[in-house]
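Dear colleague,

I am handing over the structure below for your consideration. My findings follow directly after it.

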Amino acid sequence: MNSVTAMDRQDIDAIKASEVRVSGTVQGVGFRPFVWRLANACGLSGDVRNSAAGVLIRVSGKTKAIEQFLVRLRSEAPPLSHIDQLETEPSQFCLQKSGFHILDSVAGETRTQVTPDAAACPKCVEEVLMPSERRFRYPFANCTHCGPRFSIIKQVPYDRAATTMSSFAMCEDCASEYNHPSDRRFHAQPIACHECGPKAWIERLDDAAASVDSQSTLDSVDTAIRLIQSGEIVAIRGLGGFHLACDAVNAQAVSRLRERKKRYGKPFALMARDLDVIRRYAKVSDQEAELLSSPEAPIVLLDAVQHDPAEQLPIAIAPGMNTLGFMLAYMPLHHLLLRKMNHPIVMTSGNLMDEPQITIMKDAKSKLCSVADYALFHDRDIANRIDDSVVRVMGNQPRVLRRARGYAPGAMALPDGFERAPDLIAFGGELKAAFCIVKDGAAILSQHQGDLENADTFDDYQKNLLLYQKLYDHEPKLLVADKHPEYLSTKLAKVRAQKESLPLIEVQHHHAHIASCMAENSVALDAGPVLGIALDGLGLGDDGTIWGGEFLLADYRNYERLGTFKPVAMLGGAQAIREPWRNAYAHIISAMSWSQFDKSYNELDLHKYLEAKPRETLDQMLAKDINAPLASSCGRLFDAVAAAMGLVRDTALFEGQGAMLLESAVDKHELYNEDEDLAYAFEIADLEGTAIPVIEPTAMWKALLGDLMQETPVPVMAARFHKSLAKIICAMVDTLSNAGACNGTRYTAVALSGGCFQNKVLLEEVETRLSADGFEVLTQSQVPANDGGLALGQAVIAAARNINKPGASRGL
């Protein structure tokens, strides 16, 4: 026994060496200085360096000390880091070294993750606001725990020379901080100060030669906020692009910004100094406060509160909405701007209507001169445009609605079974576009790109595709796109597939939605099928019609359409999206004849409105199937109901406006307390020519029109519609579940995806009812349920079909 103990002790005290390879989010987050401090604390010698694959560590010392080092490497890692893999093997390299050293980076195949930008940390904010600190009132202070990352990177490894900070030579003080491992700015690549770093200045945009009363960066920031307080509109160059700012309590300034930008109706984002300011205008839960104060610092959609009229924001901030989109200051520049502001400012994207956010100063001068009066510029170039992310708490869980700054780029480990997934590019959709690359069994989803119909946005989309391939040393083995042949993303994928001689896989739109939800919820590759409910505006179906209200039995490889919403014509095709009254007319004519509508509802304002339209032409379009494609679209149903209620009837000012106003109109008391029997009645019928059950809205329309005749308040009607829609969706699930039990196809999980499930009322009602019925409900949180998440679904479907695995799940 004693001899064994002595041998054990000898082994513990033995000197050995190990090589440790760490991959994940480990560059630009203070990981190397953390390793240096930890190695010294454990009494180890060796070195650490960045590599294209992540971080390479070589240590030598006592066995027990190395074991403790490896345990603490995971448990005490820096807050912005995330370790995906930690591989250890014996090494001889460090045995002869004394002390621990940080070495220069080495090149190679890129496997590490590029770090998202992070909001200013409390220590940097404190310094900027503290007169005794040398960075007092410096707008670009940062450290290894915060500041620009993705927005300034040109290539990896993430070193200063590979960023837009390369042109700023460090002063002696900054160099000392940068080179001292014990300093929190050790190897902080964007490190800067008044002496050596980027500068801010202000210019008048309508006359660039006109002088502005500011002689320094300090004066420029103060001048900018004084201009905002006096009612001017100021373009502000920020972290990932320009914003347009004005005083949020100045109704004239807000209206002028809307008019100049031609952004009619769509809500403006707001920025506030602190949570106390936000709470004067909106309800903020602990969960929402945590989101607002997080390193990601997204725009958080909050329920507006009704206070003293003196505390009310102008209606033009968010017309017709009961929510406000707030974010906290996330750059030192913002903190300096807002430190004396006791109310919020508008901070909307700096662009012209439907164009991408501007990043370059010359573009701001040429394009924003018709919108902003002044511009607050700085000379730290923006390598990569990145919009503000948008998050909303729904069903007690934060849901990313727009995935951008703070969240992207960020790799997601794919579920079990995808370890051998081929490297690929998934091109996403057309609206709210994002793409996805798969490499080494992980999915990297791009930031929000925007709507590709805009030429500048499509150019930026293509630029970012090439950038991601460069950053990740990515060479795809196959390409993936939506089945819709007219999507620009699909056309681009086809061109590249032909040019690069790569296979192209086309994926059905709603299958991709469901697969995206499955992947986020870590459903294994060969798990049984789920019942997927995909509700959105439109996507091309297998039968050549437009789908948008689908119940699919799906795994990653295959799917079967089990149910749908009743197909109704989109009069004028895409014009029906822009003019909601067309959907209302088509739905009413589908539910009853015009003579029936005329006889029973001729006193309605809706009747008078529709009667004045070119009904003869519309009826011929329906009869002869001329530019009137059928669509089983839940999104178009929302448009039709919103038009019937008069919320948005003639022209939608932005995509989804009708659905958003309909949700905002809901009377919550009626929603939760009114008798269930008063909800409108949908029915389940058979789709003509098939055995597929459909959700038939005829009875709902008759009840809704009856409420209009009785002048029922719109908030009550909106509540009844949402409740009835949730009820019929759950009834369809029960119908399909019972049918599946009879034919041997069983599922216990229901996946919810598609843009309609970004409606908080609908999502919460459906999720609550399905959970009560015993189903496991899968929803999306880190990946948008809208088309911003399509590319992830496309990627896992293509990967699943190209992994040599057994056949698809039973039942498909």
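L368 touches L205, A235, F242, L244, G350, N351, I358 and D363, leaving aside residues up to four places away in sequence. The model is a predicted one, and this residue is a convenient place to enter it. L368 is located in the loop that runs between helix 11 (361–367) and strand 13. Its relative accessibility is 0%, so L368 counts as buried. One of its contacts, L244, is 124 residues away from L368 along the chain, yet the C-alpha atoms of the two are separated by 8.9 Å.

The surroundings of L368 lead to a sheet. Strand 13 belongs to an open sheet of 10 strands, in the order 6-13-7-8-12-9-11-10-14-15 and with mixed pairing. Strand 6 (200–204) and strand 15 (397–402) each have a single partner strand and stand at the edges, so one side of each has no neighbour in the sheet. On average, and with direction ignored, neighbouring strands of this sheet are turned by 35° against each other. Within the sheet, strand 7 (residues 234–237) and strand 13 (residues 374–378) run parallel and are joined by three bridges. A235, which is among the residues touched by L368, stands opposite A375 in strand 13. Helix 7 (residues 251–261) packs on this sheet, where it touches strand 8 (242–247) and strand 12 (345–349). The direction of helix 7 makes about 145° with that of strand 8.

A second sheet should also be noted. It is an open sheet of five strands in the order 4-1-3-2-5, again with mixed pairing. Its edge strands are strand 4 (82–90) and strand 5 (100–102), each of which pairs on one side only. Here the average turn between neighbouring strands is 15°, direction ignored. Strand 1 (residues 15–25) pairs with strand 3 (residues 54–62) over eight bridges in the antiparallel sense, and A17 has S60 in strand 3 as its bridge partner. Two helices accompany this sheet. Helix 3 (residues 63–75) packs on it, touching strand 1, strand 3 and strand 4, and its direction makes about 150° with that of strand 3. Helix 2 (residues 31–41) lies across strand 1, strand 2 (45–51), strand 3, strand 4 and strand 5, and runs at about 175° to strand 5.

Helix 2 also appears in the account of the cavities. How many cavities of 30 Å³ or more does a search of the whole structure find? The search finds eight. The largest cavity has a volume of about 110 Å³. Its lining consists of 17 residues, and G28, V29, G30, R32 and H187 are those that lie nearest its centre. Helix 2 provides the largest share of this lining, with three residues.

Strand 26 (residues 630–633) takes part in two pairings. With strand 23 (residues 546–554) it runs parallel, joined by three bridges; with strand 25 (residues 568–569) it runs antiparallel, joined by two bridges. A631 in strand 26 is the bridge partner of I546 and also of V568.

The nonpolar cores come next. In soluble globular proteins, nonpolar side chains tend to be buried together. In this model the largest nonpolar core has 136 residues, and those with the most contacts inside it are F551, W701, L704, F721, L725 and L762. Helix 24 (residues 714–743) gives the most to this core, with 12 residues. L725 touches F565, C634, L637, F638, F682 and L762, again without counting residues up to four places away in sequence. Apart from this core lies another, of 48 residues, among them Y281, L292, L302 and V346.

One further residue deserves a remark. Is H448 buried or exposed? With a relative accessible area of 17%, H448 is buried, because buried means under 20%. H448 is found in the loop between strand 19 (442–445) and helix 12 (455–471). Its contacts are R385, D387, R402, R403, A404, K432 and A433, once residues up to four places away in sequence are set aside. Of these, R402 falls within strand 15 (397–402), one of the edge strands of the sheet of 10 strands.

Yours sincerely

Technical notes: Residues numbered from 1 in each chain as written. Predicted model: local features only at pLDDT ≥ 70, side-chain atom pairs only at ≥ 80, totals over all residues. Heavy atoms only, no water. Pairing = 2+ DSSP bridges. Helix = DSSP H or I, 4+ residues; strand = E, 2+ residues; numbered from the N terminus. Axes fitted to C-alpha atoms, helices over the stretch in contact; angles between N-to-C directions. Contact = heavy atoms within 4.5 Å. Core = buried A, V, L, I, M, F, W, Y, C linked by side-chain atoms within 4.5 Å. Buried < 20%, exposed > 50% of the residue type's maximum accessible area, 1.4 Å probe, protein only. 1 Å grid on protein atoms, 1.4 Å probe; cavity = no way out; pocket = protein on both sides within 12 Å on 5 of 7 lines; lining within 4 Å. Points joined across faces, edges and corners; volume = space filled by probe spheres on them.
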